[in-house]
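Hi there,

Here is the structure I promised to pass on to you. Have a look at it first, and then read my notes below with the viewer open.

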Amino acid sequence: MFGHLLRDVRRAGRLHLISMVVGGLIGAGLALGLMGPTPDPASAVPVPKLHPSAAAGLVPPVKPDSAKPAAPETARPPAATPANVSRTVAINRGDTLMQVMVRAGTDRGDAHAAITALSDVYDPRRLMPGQEITLTFDGSGDGLRLVDVALNASAESEVVARRDTGGGFAAEAIKKELAQQAQRANGTIDDNLYMAAKRAGVPLPVLSELAQLYGFDVDFQRDIHPGDAFELFFDSFHDADGAAVKYGPIRYARLSIQGTALRLYRFETADGFVDYFNENGESVRKALMKTPINGARLSSRYGMRKHPILGYSRMHRGVDFAAPTGTPVMAAGNGVIDYVGRRGAYGKYIRIRHNSTYRTAYAHLSRYARGMKRGKRVQQGQVIGYVGSTGRSTGPHLHYEVHRGGKQVNPLTLKLPSGKKLKGTELAAFNMARANIEREMAQTPVTRQLARTE
Ligand SMILES: [Zn+2]
């Protein structure tokens, strides 16, 4: 039985059984580089996704529409007139919108018509317990006659179904007006970047963005030392009550490591893609990320590993990142999925083809992100699956491999071609944008009263 197991593993050429045991033993001793606790993705405030540039010329990137703050519009449901009665009710666990509306005094037929209209712009099944809906009734006749029903569809938009002149209901989604505020944070790293950023009040989505930006150049576990420092300049968006509902993007970041400052400036290039450049106008983005997961602890490196019990050495042909089951795993680069499914000792496995030379593979997943299938195009940083312990694995972790010309190589020491270098008029435009960022930042006081990270 055990022999069969080992044979299987040998055939696969990646000895997980052993690497897992070693990883588990030495893992506890390895300091967490970037983050302590893994952020709960469900509690994170939505943040515009980073958009990979055409750097390294792999797969064409996607236009960064969502990276731009939406132009706020002002449109609100009509204000209550004296004859109108407004009621705000909360959704309880197990409630349907119909039940809540009827309970609040809505005529059943009206509720049905309003919900039907609302369904054009909102899926009522997305209602969460605790969420509030606001009903406006005309109280001038006998009883209450529904005028409109409104609810928050997201941090950024409200949906409302309003009685129209024909007596039926029509629905629309209304973008909420969010106040944009520039924020600046800095700190010295005493222990790790995660703790330092947390003390400086950096919200988790911004910290994740930061980790992703520097993930091409910095090994957060080996490269960061006490006394290193960071500075961040980013936007936050606040609703009418002043609550921060959205963060990002980062406009400037500095990471000072052992006296060397790595500066990044956000810049939209002439072709309309957003990217980050250093002060010389060189893109920091690389074709592949070294660490396609946030908040994970590197638990086993690439290379020869000695089995602690059997005493002989085997090659570990990937790197392992220990993280709780369900932690999102990202595509390390733009590419096309060329394998998704179970694969022997690897368990649930995804492989991405980035170009004719490079592929990356992700093993032991608990599940795949929705829509993952062979031939699907994915973007760098896109969530493709979730950490698990499927296949030959002794605990939840991501086993990550980079294949060059069909052979595994060490992702952590991989030298990848650097990205785009700005030239000529584009470099001039960048220098102007950089001066603007620096001037704005100089006018922004460092805040310590930012939103809590938890
Ligand atoms: Zn592994």
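**Strand 14 and its partners**

Strand 11 (residues 297-300) pairs with strand 14 in the antiparallel sense, over 3 bridges. Before going on, please keep in mind that this is a predicted model. Within that pairing, S300 stands opposite D320 of strand 14. Strand 14 also pairs with strand 22 (residues 397-404), again in the antiparallel sense, over 4 bridges. Here F321 is the residue to find, since it stands opposite L398 in strand 22.

Which way do the residues of strand 14 (residues 319-322) point? V319 and F321 point one way, while D320 and A322 point the other way, and all are buried. This fits a general pattern: in a regular strand, side chains alternate between the two faces of the sheet.

**A sheet with two helices across it**

Next, look for the open sheet of 5 strands in the order 6-7-8-9-10, with antiparallel pairing. Strand 6 (179-188) and strand 10 (274-277) stand at the edges; each has a single partner strand, so one side of each is left without a neighbour in the sheet. On average, neighbouring strands of this sheet are turned by 25° against each other, direction ignored.

Inside this sheet, strand 8 (residues 244-257) and strand 9 (residues 260-268) form an antiparallel pair over 6 bridges. L255 stands opposite L262 of strand 9.

Two helices lie across these strands. Helix 6 (residues 204-214) crosses strand 7 (229-238), strand 8, strand 9 and strand 10, and runs at about 40° to strand 8. Helix 7 (residues 424-442) lies across strand 6, strand 7, strand 8, strand 9 and strand 10, running at about 110° to strand 9.

**Another open sheet**

There is also an open sheet of 5 strands in the order 1-2-3-4-5, with antiparallel pairing. Why do strand 1 (84-90) and strand 5 (169-175) each have one side without a neighbour in the sheet? They stand at the edges, and each has a single partner strand, so one side stays free of a neighbour in the sheet. The twist from one strand to the next averages 20°.

Strand 4 (residues 157-163) and strand 5 run antiparallel and are joined by 7 bridges. In strand 5, I174 is the bridge partner of E158. Helix 4 (residues 108-118) packs on this sheet, where it touches strand 3 (145-152), strand 4 and strand 5, and its direction makes about 45° with that of strand 5.

While you are in this part of the sequence, find R103 in helix 3 (residues 97-103). Is R103 buried or exposed? R103 counts as exposed, because it has 12 C-beta neighbours inside 10 Å. Its C-alpha atom is separated by 9.4 Å from that of V89, 14 residues apart along the chain.

**The nonpolar cores**

In soluble globular proteins, nonpolar side chains tend to be buried together. The largest nonpolar core here has 71 residues, and L232, I350 and Y362 have the most contacts inside it. Helix 6 gives the most to this core, with 7 residues. Domain 1 (2-30 + 292-409) and domain 2 (43-66 + 179-277) both give residues to the core, so it lies between them. To see part of it, select Y362: leaving out residues up to four places away in sequence, Y362 touches V329, Y349, I350, I384, G385, L398 and Y400. A second, separate core has 23 residues, including M101, L144, V147 and A150.

Enjoy exploring!

Methods
Residues are numbered from 1 along each chain as its sequence is written. This is a predicted model: local features need pLDDT of at least 70, side-chain atom pairs count only at pLDDT 80 or more; totals for chains, interfaces and linings use all residues. Two strands pair if DSSP finds at least two bridges between them. Axes are lines fitted to C-alpha atoms, for helices over the stretch in contact, and angles run from 0 to 180 degrees between N-to-C directions. Two residues are in contact if their C-beta atoms, placed from the backbone, lie within 7 Å. A residue is buried if 20 or more other C-beta atoms lie within 10 Å of its own, exposed if 12 or fewer, and partly exposed in between; C-beta atoms are placed from the backbone. A nonpolar core is a set of buried Ala, Val, Leu, Ile, Met, Phe, Trp, Tyr and Cys residues joined through C-beta atoms within 7 Å. Domain bounds come from an automatic or database domain assignment.
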